[in-house]
Amino acid sequence: MNRATKAVILARVSTEEQEKGYSIDAQLHRLRQYCERKELEIIETFTVVESSTNGERKQFNEMLTFVKRQKQCIAVVADKVDRVQRSFKEFPVLDGLVQKGRIELHFNSEGYVIHKDSVSQDRFMWSIGVVLAQGYVDSLRDNVKRSIAQKLRNGEWISQAPLGYEHFTNERGKPDIRIDPVRAPLVRHIFEKYATGCYSISQMVTMAKDIGLNNSRGHKGALTKSHLYKILQEPFYYGVMRVKKTGEEFPHRYETVIPKSLFDTCQDIRTGKGKPHSRYGKKDYLFRGILSCATTGKACTAETHKKKYENGETAEWTYVVSYKADNPSKKLWTREEDVEAQVMAALETLAVKDEGYLNDILSWITSTHDSKKVHHKKHTASLKKEHTEIEHKVEKLMDMRINGEIGKEEFIKNKKRLKDRQYEITELIHAYDVTEDEFNNKLIHLINIASGAARAFRGSDIHEKREMLTFIFQNLSLKEKKLEYTMRYPFNLFADANKTGEWCGREDLNLHPLPDSDLNAARLPVPPRPHVKYQE
């Protein structure tokens, strides 16, 4: 029998961290001594840094290609079986080369050689070595899965934190995640602006660049459209971890950047549920996507008409297109400034003209703190109790799934129902946890905004005007050339009070305790922030 006289050394580690240690050097030292004892001429040495179970094993295949090019039988010398393979995936290729007499497999630590004339006991030992290596990998994988599952149940994230968070080492020396004090406010700013429905993704990219929000990883350059889409769809910001591979969601233990209500608003805007769809062109029109035609129910379009005079000067006018009520196929053109004048007239109705009465309203609001504090504390305790009870139900549901008492579909359906209620409770608790002082201050701020809305609108640029329109008006439509509108809460109360000359009652200002079902609906809107550029 012709045995191999030349050898290829194969030393392998799974990660670069292992390569930086002594593992590779130790393997090479032992294998060179082995080749010297066996009188094998070393013609090539391969130091492989790759997993034996994941990926295509590019470096391992390069070694096989080199061996196949040799004319004589080559001894592939490795420290152990698991340095060559940890599964039966490579077995057919290796065994094929062995049976053809192209290679021999020398395993230093186990002390046996596999060649084409090997007895069954040696081949059995090889198979056992692969089985043991495969068992080690499977056991390791199971342990990792269990560890990951436990971390997720504990609210700990297992991957790279999204933009707006940063990784750090906590006081126990463990890796952890916390709010990025620079980027988190900018991420919230992006959500708030997008929630107005006044900006396209392209405009949001420009805004992110203007306020200094850039990528925290990689080239750390400006964000792209795909970055913005990913940010706007990331539930991590309101407190939920979503596992990409399975789609499972878990509440996390880290500080949140935005409330879920703001996230949901952005999803409605993104999918077109929040307002009529409108295409964003090169020119910004004040009422694009905000104003609809009362006749057709569709969004009003805008057109720019230009005229050139004999003296060479040019002028242009913007017209808003609507349709006649008695003939929906006939277009009507209304000058944009005429529609804007009607908006101004509507905003004028918000101002509380009696300054003394306005002061009385503001004073009364600030005196309501103590009466609601007791109720909110009691209701918050009830919500927290329900949250804990749901957590126990989820754990019981998990046990039923493990024991085979319920199927996968039923488990997913019931778990989602319970988790949805948990998220809702978390939002309600957060709403109640906001101090009454903050609530009252916001309401006072809104009253002041209402009183000066017309003046503020007149002095704003087109983007700020669009934000004010979506902030104050729930619906804006043109019935032929006349503006029709519905104002959002609580601006509708101010307009009605000025129209009738009296307030319908203090309850209208939402200053009494609310049941859960009404809390989100009656929550005061967040006033639009000024356009500012953040600097690090």
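# A guided tour of the predicted model

Begin by selecting helix α8, residues 201-211, in which I201, Q203, M204, V205, M207, A208 and I211 are buried. The model is a predicted one. Add α7 (183-195), α9 (225-232) and α17 (462-472) to the selection, since these helices are among the elements that cover the buried residues of α8. Then step to G212, which follows α8 and has a positive phi near 90°.

**The whole chain**

Next, show the complete chain and colour it by secondary structure: there are 19 helices and 15 strands. Of the 536 residues in the chain, 42% are buried. Among contacts with a separation of 6 or more, 65% are between residues 24 or more positions apart.

**The five-stranded sheet**

Now select strands β1 to β5. They form an open sheet with the order β2-β1-β3-β4-β5 and mixed pairing. Which strands stand at the edges? They are β2 (41-49) and β5; each has a single partner strand, so one side of each is left without a neighbour in the sheet. Looking along the sheet, the reader will find a twist that averages 20° from one strand to the next.

Add helix α3, residues 58-69, to this view. The helix lies across β1 (6-13), β2, β3 and β4, and runs at about 160° to β2.

**Strand β4 and its partners**

Restrict the view to strand β4, residues 103-107. Is β4 enclosed or open to the outside? 5 of its 5 residues are buried, so β4 is largely enclosed by the rest of the structure. Display the side chains: I103, L105 and F107 point one way from β4, while E104 and H106 point the other way, and all are buried. The two charged or polar-looking labels on the second side thus deserve a pause at this stop, as E104 and H106 are buried too.On one side of β4 lies strand β3, residues 74-78; 5 bridges join β3 to β4, and the two strands run parallel. Select V77 and H106 together to see one such pairing, as H106 is the bridge partner of V77 in β4.

Strand β5, residues 112-114, is joined to β4 by 3 bridges, and these two strands run antiparallel. Select F107 with Y112 of β5, which stands opposite F107. β4 and β5 form a hairpin with 4 residues between them, and G111 in the turn has a positive phi of about 80°.

**Helices α5 and α6**

Proceed to helix α5, residues 91-99, and helix α6, residues 120-153. Their axes come within 13 Å and cross at roughly 160°. α5 and α6 are therefore roughly antiparallel to each other. The crossing in which α5 passes α6 is right-handed. To display the contact, select F91, L94, D95 and Q99 of α5 together with R123, W126 and S127 of α6. By class, this contact of α5 with α6 comprises 3 nonpolar, 2 polar and 2 charged residues.

**Lysine 419**

Move to K419, which lies in helix α14, residues 408-433. Is K419 buried or exposed? K419 has a relative accessible area of 7% and is buried. Leaving out residues up to four places away in sequence, K419 touches P251, E391 and V394.

**The loops around β15**

Select E480, in the loop between β14 (473-479) and β15. E480 has a positive phi of about 60°, although it is not a glycine. With a relative accessible area of 26%, E480 is partly exposed.

Continue to R488, which is placed in the loop between β15 (482-487) and α18 (491-500). R488 counts as partly exposed, at 32% relative accessibility. Which residues does R488 contact, leaving aside its neighbours within four places in sequence? They are T470, F471, I472, F473 and Q474. A distance label between the C-alpha atoms of R488 and F473 should read 5.4 Å, for residues that are 15 apart along the chain.

**Last stop: E39**

Finally, select E39, in the loop between α2 (23-37) and β2. E39 is not a glycine, yet its phi is positive, at about 55°. The relative accessible area of E39 is 69%, and E39 is exposed.

Terms used
Residues numbered from 1 in each chain as written. Predicted model: local features only at pLDDT ≥ 70, side-chain atom pairs only at ≥ 80, totals over all residues. Heavy atoms only, no water. Axes fitted to C-alpha atoms, helices over the stretch in contact; angles between N-to-C directions. Parallel < 35°, antiparallel > 145°, perpendicular 65-115°, else oblique. Left-handed = near helix turned anticlockwise from the far one by under 90°. Contact = heavy atoms within 4.5 Å. Nonpolar A, V, L, I, M, F, W, Y, C, P; charged D, E, K, R; others polar. Buried < 20%, exposed > 50% of the residue type's maximum accessible area, 1.4 Å probe, protein only. Pairing = 2+ DSSP bridges.
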